[in-house]
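These are my notebook entries on one structure, kept in the order in which I looked things up. I went from a single residue outward to the sheets and then to the whole chain.

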Amino acid sequence: RLRARLREPRLAPWGEAHGEGAPLRLAAARAALERLVTLGSDLDRPVPDLTIVSGGVWSVAPGPVVALAVADVVRRSGATQLALDPARLLGPIGTVEDETLRARLLGDLAGDLLTPLGSVVVPAGLRAGRSAGRLIVHAATGTSELDLVPGGLELVELPPGEEALAEFQFRDTVVLGTRGRRFAIEVGGGLGGLLIDLRDVPLRLPDRPDRRRELLGAWQRALWAGLEP
């Protein structure tokens, strides 16, 4: 049954996935993403302003969980907006040699091409403790404030189309694009809102497989409502 489920992303990547099929598809997508990052990415480059994931396999999980999957694999300090190309249209459009035609296609599809998933912020160099500082998010709908706890994940609701200013006030110097204690970052909303990833960079996982599965599962369940252990 598991082998059959693993074949489903290739046979029907946009098909529905029920029960344990959805987490299994997401695990396969994460594994594929990890291979792509290992083979084709220069991890010394700055974090891009926009990160795009592609394909229907990502549609089985909520926006925050997709953002978490990307943050698990692409471990670089900084801030990026995350979007989904669900129909995998960017690749074929990129093969069009005529620049004018390519721009026209992008213009015609601009409103429907990408699904905004939100923003991901990953600071590095946090010291262990009860609190690393404070975050204040100024959005059109109001202002929210929360503690930054090292090793944890914080999710701020920020709907698609909404922009906000995230003010970080750290107790110690961290790396968030540059080194410092105070940062003001413009972030965009999406289906996954604003994800603040306060875990280690690079991500440190237990050596024992059972404990590693338990920890990864706990992070995922925290952002995936209704997911069974």
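**Entry 1: Pro150.** I started in the loop between strand 5 and strand 6, where Pro150 sits. The model is a predicted one. Is Pro150 buried or exposed? I found a relative accessible area of 19% for Pro150; the cut-off for buried is under 20%, so Pro150 counts as buried. I then listed what Pro150 touches, leaving out residues up to four places away in sequence: Leu126, Arg127, Ala128, Gly129, Arg130, Ser131, Ala132 and Leu198. I also took the C-alpha separation of Pro150 and Ala124, which is 10.0 Å for two residues 26 apart along the chain.

**Entry 2: the sheet that holds strand 5.** I followed the chain back from that loop to strand 5. Strand 5 belongs to an open sheet of four strands, in the order 5-4-7-8 with antiparallel pairing. Which strands stand at the edges? They are strand 5 (142-148) and strand 8 (178-188); each has a single partner strand, so one side of each has no neighbour in the sheet. I noted an average turn of 15 degrees between neighbouring strands here, direction ignored. Within this sheet I looked at strand 7 (residues 163-176), which pairs with strand 8 in the antiparallel sense over ten bridges. One pair I wrote down is Val175, standing opposite Arg179 in strand 8.

**Entry 3: the sheet that holds strand 6.** On the other side of the Pro150 loop I came to strand 6. I found strand 6 in an open sheet of five strands, with the order 1-2-3-9-6 and mixed pairing. Strand 1 and strand 6 (153-156) are the edge strands, and each pairs on one side only. For this sheet the average turn between neighbouring strands is 25 degrees, again with direction ignored.

**Entry 4: strand 1.** I then went to the other edge of the five-stranded sheet. How many bridges join strand 1 and strand 2? I counted five, in the parallel sense, with strand 2 covering residues 78-85. Thr51 is placed opposite Leu82 of strand 2, and Ser54 has Asp85 as its bridge partner in the same strand. Next I checked the faces. In a regular strand, side chains alternate between the two faces of the sheet. Strand 1 (residues 50-54) does alternate: Thr51 and Val53 are buried and point to one face, while Leu50, Ile52 and Ser54 point to the other face and are not buried.

**Entry 5: helix 3.** Helix 3 (residues 63-73) came next, as it joins strand 1 and strand 2 into a right-handed β-α-β unit. I noted that helix 3 lies across strand 1, strand 2, strand 3 (115-122), strand 6 and strand 9, and runs at about 45 degrees to strand 3. Why is helix 3 described as largely enclosed by the rest of the structure? Because eleven of its eleven residues are buried. The buried residues include Gly63, Pro64, Asp72 and Val73.

**Entry 6: backbone geometry in two loops.** I looked up two backbone angles. The peptide bond from Val201 to Pro202 is cis, with omega near -5 degrees. I located Pro202 in the loop between strand 9 (194-197) and helix 6 (209-223). The second angle is phi of Arg88, which is near 55 degrees, a positive value in a residue other than glycine. Arg88 lies in the loop between strand 2 and helix 4 (90-94). With a relative accessible area of 46%, Arg88 is partly exposed.

**Entry 7: Pro23.** I placed Pro23 in helix 2 (residues 21-40). Beyond its neighbours within four places in sequence, Pro23 is in contact with Gln220, Trp224 and Leu227. Pro23 and Leu227 are 204 residues apart in sequence, yet I found their C-alpha atoms 8.7 Å apart in space.

**Entry 8: the whole chain.** I closed with the totals. I recorded six helices and nine strands in the protein. The radius of gyration is 18 Å, close to the 17 Å from the globule rule for 229 residues, so the protein is as compact as a globular protein of that length. The C-alpha trace spans about 50 × 50 × 35 Å along its principal axes. Of the 229 residues, 40% are buried. The accessible surface comes to about 13400 Å², and carbon and sulfur atoms account for 51% of that surface. Among contacts between residues at least 6 apart in sequence, I noted that 69% join residues at least 24 apart.

Conventions: Residues are numbered from 1 along each chain as its sequence is written. This is a predicted model: local features need pLDDT of at least 70, side-chain atom pairs count only at pLDDT 80 or more; totals for chains, interfaces and linings use all residues. Side-chain values use heavy atoms; hydrogens and water are left out. Two strands pair if DSSP finds at least two bridges between them. Axes are lines fitted to C-alpha atoms, for helices over the stretch in contact, and angles run from 0 to 180 degrees between N-to-C directions. The radius of gyration is taken over C-alpha atoms; the globule rule is 2.2 Å times the number of residues to the power 0.38. Buried means under 20% relative accessible area, exposed over 50%, partly exposed in between (1.4 Å probe, protein chains only). Contact means heavy atoms within 4.5 Å. Accessible areas come from the Shrake-Rupley method with a 1.4 Å probe; for residues, only the protein chains shown count as cover. A crossover is right-handed if, with the strands pointing away from the viewer, the path from the first strand over the helix to the second runs clockwise.
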